[in-house]
Amino acid sequence: MAQKSSSLMQVYILLLTTILFLPREITSSSVLTVNGKAENYVLDTQRGFQASLECVVQNHTRDEELLWYREDGRVDLKPGNNINSSSVCVSSISENDHGVNFTCKLQRDQTVSVSVVLNVTFPPLLSGNDFQTVEEDSNVNLVCNVKSNPQAQMMWYKNNNILTLEKNHHQIQQTSESLQLSISKVKKSDNGTYSCIANSPLKMETLDFHLIVKDKAVVVPIEPIIAACVVIFLTLCFGLLARRQRIMKLCIKEKDPHTETAL
């Protein structure tokens, strides 16, 4: 019995020794860092700047291949820029890079990754249809599109004064990307220059919208004209027909033999 216990103890010792002396590349896990950070983070930057992202494999016991992704698209890396450490450079950063996600992954185990989201600050950028001509009593929408980070405070001016809103005549709708002014049944007094003002901590921007209200076109009803033409045409037809019948009667009388004078 003692001999059997001794044999079991030897087996346990052998298993423990095997586990302890396993190669480190199997028992240890590699860690990634981007710009020295092992956790996902937000990188603050500005429009026109450039950002350098360096991904490094920590605790590796063999060469590790790295992958970079911009959103869901894989970034092409130059040879040698993907083993154990890898860098990508985002140059000429624009407002379109705001919120973009860059992710560095371990090629053999892509669950090991670190992501960086770009937080790009930029002043308001405004756009829209800045010249419109409409008729009286029609409806018009002035849409001011805006991009800004941080978000800008928006307002409408008319002819350099704060726009006075009239109930059931003006309506304003605002989202994070636009400021819309709707005018119902426009009047001549709505003529003028409407200014979209965007004010952010970085800068204030203005975009002018020119609205011209022209006289309402006189609409000539087509149906009565067509009806009148039909009546005139039928009247002429009936007149010609009646005249033709009278002419035929006169011709018949002239040919009547009883009316001829005897010699």
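**Sheet core, contacts and local backbone features**

Lys 216 has a relative accessible area of 48% and counts as partly exposed (buried is under 20%, exposed over 50%, and partly exposed in between, with a 1.4 Å probe and protein chains only). The model is predicted: local features require pLDDT of at least 70 and side-chain atom pairs pLDDT 80 or more, whereas totals for chains, interfaces and linings use all residues. Residues are numbered from 1 along each chain as its sequence is written, and side-chain values use heavy atoms, without hydrogens or water.

Lys 216 is located in the loop between strand S16 and helix H3 (helices, H or I with at least four residues, and strands, E with at least two, are DSSP runs numbered from the N terminus). The C-alpha atom of Lys 216 is placed 5.2 Å from that of Glu 135, although the two residues are 81 apart in sequence. Glu 135 itself belongs to strand S9, which spans 131-135 and is an edge strand of the sheet described next.

Five strands form an open sheet of mixed pairing, in the order S9-S16-S15-S11-S12 (two strands pair if DSSP finds at least two bridges between them). Its edges are S9 and strand S12 (161-162), each of which pairs on one side only. Strand S15, comprising residues 192-199, runs antiparallel to S16 and is joined to it by eight bridges. Within this pairing, Gly 192 has Leu 211 of S16 as its bridge partner, while Ala 198 stands opposite Glu 205 of S16. The connection from S15 to S16 is a hairpin through four residues. S11 and S15 are likewise antiparallel, with six bridges between them; here Gln 153 is partnered by Asn 199 of S15. Six of the eight residues of S15 are buried, so this strand is largely enclosed by the rest of the structure.

The search for aromatic pairs across the whole structure returned one (ring centres of Phe, Tyr or the six-membered ring of Trp within 6.5 Å; planes under 30 degrees apart are stacked, over 60 edge-to-face, and the rest tilted). In this pair, the ring centres of Trp 156 and Phe 209 are 5.4 Å apart and the planes meet at 65 degrees, so the arrangement is edge-to-face. Trp 156 is in strand S11 (residues 153-158) and Phe 209 in strand S16 (residues 204-214), so the contact ties together parts that are 53 residues apart in sequence. Both partners are withdrawn from the surface: Trp 156 is buried at a relative accessible area of 3%, and Phe 209 is buried at 0%.

Eight salt bridges are present in the structure (a side-chain nitrogen of Lys or Arg within 4 Å of a carboxyl oxygen of Asp or Glu). One of them, between Arg 70 and Asp 97, has its closest N and O atoms 2.8 Å apart. It links distant parts of the chain, 27 residues apart, with Arg 70 in strand S4 and Asp 97 in the loop between strand S6 (85-90) and strand S7 (101-106). Arg 70 is partly exposed at 33% relative accessibility, whereas Asp 97 is buried at 8%. Such a contrast recurs in the bridge between Arg 62 and Glu 64, where N and O are 3.8 Å apart: Arg 62 is partly exposed at 40%, but Glu 64 is buried at 3%. These two residues form a salt-bridge network together with Arg 108. Glu 205, already noted opposite Ala 198, forms a salt bridge with Lys 203 at 3.1 Å from N to O. In this case Glu 205 is partly exposed at 23%, as is Lys 203 at 44%.

Most residues other than glycine have a negative phi, and most peptide bonds are trans. Three sites depart from these tendencies, as follows. Glu 71 has a positive phi of about 55 degrees; this residue is in the loop between strand S4 (66-70) and strand S5 (73-74) and is partly exposed, with a relative accessible area of 40%. Asn 168 also has a positive phi, near 65 degrees, and occupies the loop between S12 and strand S13 (170-174). With a relative accessible area of 70%, Asn 168 is exposed. The peptide bond from Asn 149 to Pro 150 is cis, its omega being near 5 degrees, and Pro 150 is placed in the loop between strand S10 (140-149) and S11.
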